[in-house]
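Please read the points below with the model open beside you, and check each one against the coordinates as you go. They begin with a single residue and its partners, and then move outwards to the fold and its pockets.

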Amino acid sequence: MIGPIKTVEMHTGGEPLRIVTEGIPFPEGLTLLEKRRHLRQKADKYRRFLMLEPRGHRDMYGALIVPADNDSADFGVIFMHNEGYSTMCGHGIIALGRFAVDQGLVKKEPSSTSMVIQCPCGNIETNVQTDGNHFGTVTFKSVPAFAYKIDQFVNTLDYGPVEIDIAYGGAFYGILDASSIGLDVKTSSIESLNYAARHLGEAIRQQIEITHPGEADLSFLYGIIFTDGQSGAKSTPSVNICVFADGQIDRSPTGSGVTARLAVAHAKGETTIGRLHSFESITGTVFTGKVVAKAEASPYKAVTVEVGGRAHYSGSAEFIMEEDDMLAGGFLLR
């Protein structure tokens with residue numbers, strides 16, 4: 001029996017965030033990473049229950065709020081999606097920042113409220129701009145982000161040798177100009193981009209070892225980001241599309257993806273500290289981003305990136321499972 005599980009529903013740039021506020025139990029004394037591991041190995045039924053049909057869908061995204069296990073963070077979060085559990089989620093942080101102020105998880109300040117959110121990848125400094133009852137942009141500063149591979153070729157059956165960059169922005173992404181394989185982020189179908197992302201992701205996983213310098217649980221390719229080949233440093237945002245997990249399409253510009261893109265841009269000398277960039281998603285929503293400092297992630301030359309965006313509420317829910325419901329455990333049709 002599962003439930004009741006209570007949630008608050010939000011979205012950031014059209015990308016959903018189902019915030020779990022009550023109903024998922026844990027054994028005592030676990031760290032955040034241990035809780036994530038416990039869910040993945042022993043209690044994945046909760047993710048399937050909330051993310052998959054009939055309560056969710058292939059592109060649902062979730063955030064489970066948990067106590068932080070270090071004194072410097074205000075609270076912790078475990079992210080989940082159609083395939084499993086991610087290490088970082090920028091659109092989720094933006095929504096959680098606003099949620100935390102509204103729900104009193106942190107004390108609201110007159111003009112801006114700062115907090116630290118513990119994610120599986122580390123602590124994320126977050127700031128919510130407030131003016132009375134109005135909420136503006138939420139910004140967060142990334143964990144150390146770095147270019148992992150620059151101008152790396154992978155061999156593919158469908159596209160031949162493909163040149164990509166691989167970068168870490170809280171999760172690892174393969175990044176490439178969509179036109180390099182005959183696609184366009186503005187005009188190509190979602191199906192063709194999704195197919196290409198799956199194909200490229202599999203090639204990367206087979207041919208390139210992904211290793212995080214500090215934590216084995218972070219050492220995996222999370223997604224593929226197709227770009228329009230632009231930097232977003234001028235008046236027109238750079239359009240990108242992120243495909244992650246099991247063919248999931250991000251409706252937002254992807255916060256950790258923006259972080260990874262700017263880590264690559266800095267490594268290539270295409271941006272400088274403090275230079276503002278903007279990035280547009282398939283829904284037309286925009287995140288801003290800039291490198292704000294150099295950072296440490298030995299042996300890589302890392303940077304700290306600040307990303308900004310806005311989130312909105314879409315509802316709340318209480319989910320239950322009836323004992324005779326044969327489909328209540330979750331399923332996906334496509």
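1. A good place to begin is Arg18, which stands opposite Gly62 in β3. This is a predicted model, and the points that follow should be read with that in mind. Arg18, which belongs to β2, is also the bridge partner of Glu9, so that one residue serves to introduce two pairings.

2. The two pairings of β2 run in opposite senses, and they are worth tracing one after the other. Strand β1, residues 5-12, pairs with β2 in the antiparallel sense, over seven bridges, whereas β2 and strand β3, residues 62-66, pair in the parallel sense over three bridges.

3. Where β1 turns into β2 there is a hairpin with two residues between the strands, and in this hairpin Gly13 takes a positive phi near 60°. As for the cover over β2 itself, which spans residues 15-22, the strand is mostly covered, with six of its eight residues buried.

4. Which residues does His38 touch, once its neighbours within four places in sequence are left aside? They are Phe26, Pro27, Leu30 and Ala43. His38 has its place in helix α1, and it counts as buried because its relative accessible area is 18%, which is under the cut-off of 20%.

5. Looking at the protein as a whole, one finds five helices and 17 strands. The C-alpha atoms fill a box of roughly 50 × 50 × 35 Å, taken along the principal axes. For 334 residues a compact globule would have a radius of gyration near 20 Å, and the value for this protein is 19 Å, which agrees with that expectation.

6. Two further values describe the interior and the contacts of the chain. Buried residues make up 55% of the 334 residues, and, among contacts with a separation of 6 or more, 63% are made by residues that lie 24 or more positions apart.

7. The largest pocket has a volume of about 410 Å³. It is lined by 20 residues, of which Asp165, Thr227, Arg261, Lys268 and Glu270 are the closest to its centre. At least two lining residues come from each of β9 (160-168), β10 (172-177), α5 (255-267) and β14 (277-280), and α5 gives the most, with four residues. By class, this lining has seven nonpolar, six polar and seven charged residues.

8. The second largest pocket holds about 310 Å³ of space. Its lining is made by 24 residues, and those nearest its centre are Glu83, Arg205, Tyr222, Ala245 and Asp246. Here α1 (32-42), α4 (190-207), β11 (221-227) and β12 (238-244) each supply at least two residues of the lining, with α4 giving the most, namely five residues. The residues of this lining divide into nine nonpolar, six polar and nine charged.

9. A last remark concerns helix α1, which appears in two of the points above and may be a useful landmark when you turn the model. This helix holds His38, and it also supplies at least two residues to the lining of the second largest pocket.

Technical notes
Residues numbered from 1 in each chain as written. Predicted model: local features only at pLDDT ≥ 70, side-chain atom pairs only at ≥ 80, totals over all residues. Heavy atoms only, no water. 1 Å grid on protein atoms, 1.4 Å probe; cavity = no way out; pocket = protein on both sides within 12 Å on 5 of 7 lines; lining within 4 Å. Points joined across faces, edges and corners; volume = space filled by probe spheres on them. Nonpolar A, V, L, I, M, F, W, Y, C, P; charged D, E, K, R; others polar. Buried < 20%, exposed > 50% of the residue type's maximum accessible area, 1.4 Å probe, protein only. Contact = heavy atoms within 4.5 Å. Rg over C-alpha atoms; globule rule 2.2 N^0.38 Å.
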